[in-house]
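Student: I should like to learn how side-chain features are read from a structure. Please take me through one case.

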Amino acid sequence: MTFRKSSVLRALSALALVLGTSSIFAHGDVTPQAVDTSSLPAVGTEWQTKNPYLGNKEAIRIGSSAFNQNCARCHGLGAVSGGIAPDLRYLPEGQEGDEIFLNRIRHGATRDGRVYMPPFEGILSQEAMWTIRSWLETVRVD
């Protein structure tokens with residue numbers, strides 16, 4: 001069986017393209033996904049310091065989906081980190097955890113000029129952020 005050099009090069013190029021594309025998409029779509037919070041009461045424009053949706057079943061449902069769409073690629077499914085980012089199940093409960101969570105999700109994290117977490121303020125609404133926090137309270141461990 002004889003192969004022409006151009007045929008082999010085309011086949012190898014196609015294989016490289018397929019493998020390269022699959023590794024790009026393996027991390028999912030990095031574009032933040034919208035979170036529909038229209039079924040929840042609005043919290044206003046003033047930033048809350050305490051989770052207004054704590055224990056709210058609808059907020060928890062929305063927050064679970066919002067986390068999976070916007071956070072799980074780094075923080076892991078179920079908030080169980082695979083080492084890329086902190087395991088959010090260990091956030092402190094109550095207002096202490098609310099403060100840590102809100103600061104980080106709003107402002108992100110940068111170390112030595114490198115972005116470790118992008119800021120989500122202006123991308124996700126305050127309501128969307130609090131739904132994620134509400135869901136995180138349900139998977140919290142000591």
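Student: Is tryptophan 135 buried or exposed?

Tutor: Relative accessible area decides this: under 20% is buried, over 50% is exposed, and partly exposed lies in between (1.4 Å probe, protein chains only). Tryptophan 135 has a value of 10%, so this residue is buried. Please note that this is a predicted model, in which local features need pLDDT of at least 70, side-chain atom pairs count only at pLDDT 80 or more, and totals for chains, interfaces and linings use all residues. Residues are numbered from 1 along each chain as its sequence is written, and side-chain values use heavy atoms, with hydrogens and water left out.

Student: How many aromatic pairs does a search of the whole structure find?

Tutor: Rings of Phe, Tyr and Trp (its six-membered ring) pair if their centres lie within 6.5 Å; planes under 30 degrees apart are stacked, over 60 edge-to-face, and the rest tilted. The search of the whole structure yields one pair. The ring centres of phenylalanine 67 and tryptophan 135 are 4.8 Å apart and the planes are at 35°, so the pair is tilted.

Student: Which parts does this pair tie together?

Tutor: Helices are DSSP runs (H or I, at least four residues), numbered from the N terminus. Phenylalanine 67 belongs to helix H2 (residues 57–70) and tryptophan 135 to helix H5 (residues 126–138), so the pair links parts 68 residues apart in sequence. Phenylalanine 67 is buried, with a relative accessible area of 0%.

Student: Which residues touch the most other members of the largest nonpolar core?

Tutor: A nonpolar core is a set of buried Ala, Val, Leu, Ile, Met, Phe, Trp, Tyr and Cys residues joined through side-chain atoms within 4.5 Å. The largest one has 27 residues, and those touching the most other members are Phe67, Phe101, Ile105, Leu124, Met129, Ile132 and Leu136. At least two residues of this core come from each of H2, helix H4 (94–107) and H5. H5 gives the most, with six residues.

Student: Where does the charged end of arginine 106 sit?

Tutor: A charge sits over a ring if NZ of Lys or CZ of Arg is within 6 Å of the ring centre and within 35 degrees of the ring normal. The charged end of arginine 106 is placed over the ring of tryptophan 47, 4.0 Å from its centre. Arginine 111 likewise has its charged end over the ring of tyrosine 116, 4.0 Å from the centre.
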